[in-house]
Amino acid sequence: MKRYSPYILFAALFFSACKKLDVTPPDKLSSGIFWKSPADADLALTGLYGTLLTTSGQISAYGPMWWENFSDNSYTQNNQGGAQQALIAGLTSTLGGFPTSNDESLYVTSYKGIAAANSFLANVNKVLEGDKLNQYKGEASFLRAFHYFMLAQTYGNVPLITEDPLTIDFKNKVSKSPRTEILKLINSDLDAAIAGLPDVKYTNGHAVKASAQGLKVRVLLFEKKFTEAAALAKAIIDGGLFSLNSNYAGNFYKPDQRSSPEIMFSVQFQAPAAAHSFSITTAIIGSGYKDLQGTQNMIDEYEPNDPRKAMSFFFPGDTPADNGWPFSGTVGTPGVNNWTKGFYPAKKWLDPKITDPQPGLLDDQDYVWLRYADVKLMYAEAQNEAVGADASVYQQVNEVRARPGVTMPALPAGLNQDEMRERIRHERRVEFVLEGLRYFDLRRWGIAQQKLNGFVQNPLTPNVKTVYRPEFEYWPLPQIEIDRNKPVLIQNDNY
């Protein structure tokens, strides 16, 4: 039997809320009250992308920067997302933050998005046909795959639900499906998206063919299908629609984000109508917050003269005039205004035009989830694993390093496969710092326990070390979901 979480009702409630309705009986929802015209498809599609927007709290599981705090890259002094508690005390099924059972956990928000996509896919053919139907279904399939991949790489085995939430029996119970089955659906959805989405540049927040291709490369790497991953990444590169942004920092704030030739998928915001519910500028750098502070270990990862270091973090003595310090009349000083000594406040994601940020600020940086630089480095990783450090691997890594504004020297010739693997991992860390990839990269590479267990976040407090046990490779399911679905839904091992 299946018991579907009440969060699956989100899709039905969202779509029905798009119109003023008199529903009889009031405890039933029907697709017959909504899917009447092509305009309904547009409203519903907007609703699908809306599942990726910030929730009512300070931060969102779909804000990529907050995932960095689960890794060795950064530190959150206010335990944003539950990351600090997870690292110091360990993961539990009732932990506050992303791995918890409240309305803002990754688990809950993902299933809201999945429910919305399921309802959309079951009904959109009632009002659309032809190429537009294929495109809209492609977008819904892409978003469902995005949500399910977040679940698969975070929790492992999770419930597989594809039914329209308006047609299922919520009195039944649901069990977990093997991760292989989840990945099978993800790949099928991405293939459908690749077939249905337009082969154009990414501009307005709607997924395009390359968005789906890029996400599938990430999935194939997760599955260690290196030859397939390299071939698909090469297809994106050969397509010629994307290029590296000559303004590296501009990928992370407006208006530069909207003209970046590098961004391939993002969660888009637009103030004031669609601003962040809580200013991420304030959460990142504001007085009383500074919840994204780089570790010394991260700073030490940079090669000498790598300009991405100063583009990503603030350092003692930074000023408004010379280094973009956002507080007028002050100098960046550790120990002042919640700058924790031993760490380095984040600069990436901050709009340099904003000064003296305070709560209530309506900022609207897009959450960037896929960049062309990632495709190039994923190609390099997959090709290196498949055949070794050939000329094409060197080319892709060196082009990322040599982008205008960064201009780091080429890698030394003659690297073997193991040496190139380490160079690629280094490049991913410095290129994508504070973008939410490090935590998943460490787990994908099988070195998360090596890097995180016993890690000293702050050299000034050497006795405070992180905890990362083998079972943390997959998070515990929220306890409230286990309780709702007893005895069918079984908790992940060792929790």
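This report describes a predicted model of one protein chain, moving from the overall fold to a helix, a pair of strands and a single serine.

## The chain as a whole

The protein chain contains 19 helices and five strands. Its radius of gyration is 22 Å, close to the 23 Å that the globule rule gives for 495 residues, so the chain is as compact as a globular protein of that length. When the C-alpha trace is laid along its principal axes, the chain spans about 65 × 45 × 45 Å.

Of the 495 residues in the protein chain, 58% are buried, and the accessible surface comes to about 18,800 Å², with 52% of that surface belonging to carbon and sulfur atoms. Among contacts in the chain with a separation of 6 or more, 71% are made by residues that lie 24 or more positions apart.

## Helix H5

Helix H5 covers residues 130–155, which gives it 26 residues, and the distance from its first C-alpha to its last is 37 Å, close to the 38 Å expected at 1.5 Å a residue. Because 20 of its 26 residues are buried, H5 is largely enclosed by the rest of the structure. Just after the helix comes Gly156, which takes a positive phi of about 85°.

## Strands S2 and S5

Strand S5 is formed by residues 367–371 and is mostly covered, since five of its five residues are buried. Its partner here is strand S2, residues 263–267, and the two strands run antiparallel and are joined by four bridges. One residue pair can be named in this arrangement: Ile263 has Arg371, in S5, as its bridge partner.

## Ser74 and its surroundings

Ser74 belongs to strand S1, which is made of residues 74–75. Is this serine buried or exposed? Its relative accessibility is 0%, and because a residue under 20% is classed as buried, Ser74 counts as buried.

The side chain of Ser74 nevertheless has polar atoms around it that can be named. A polar contact of 2.7 Å links the side chain of Ser74 to the side chain of Asn69, while the backbone oxygen of Glu68 lies 3.4 Å from a polar atom of the Ser74 side chain. Both Glu68 and Asn69 also appear in the list of residues in contact with Ser74 when its neighbours within four places in sequence are left aside, and that list further includes Leu292, Gln293, Gly294, Thr295 and Leu434.

Note on methods: Residues are numbered from 1 along each chain as its sequence is written. This is a predicted model: local features need pLDDT of at least 70, side-chain atom pairs count only at pLDDT 80 or more; totals for chains, interfaces and linings use all residues. Side-chain values use heavy atoms; hydrogens and water are left out. Buried means under 20% relative accessible area, exposed over 50%, partly exposed in between (1.4 Å probe, protein chains only). A polar contact is a pair of N or O atoms within 3.5 Å; within protein, one must be able to donate a hydrogen and the other to accept it, and residues adjacent in sequence count only if both atoms are side-chain atoms. Contact means heavy atoms within 4.5 Å. The expected span of a helix is 1.5 Å times one less than its number of residues. The radius of gyration is taken over C-alpha atoms; the globule rule is 2.2 Å times the number of residues to the power 0.38. Accessible areas come from the Shrake-Rupley method with a 1.4 Å probe; for residues, only the protein chains shown count as cover. Two strands pair if DSSP finds at least two bridges between them.
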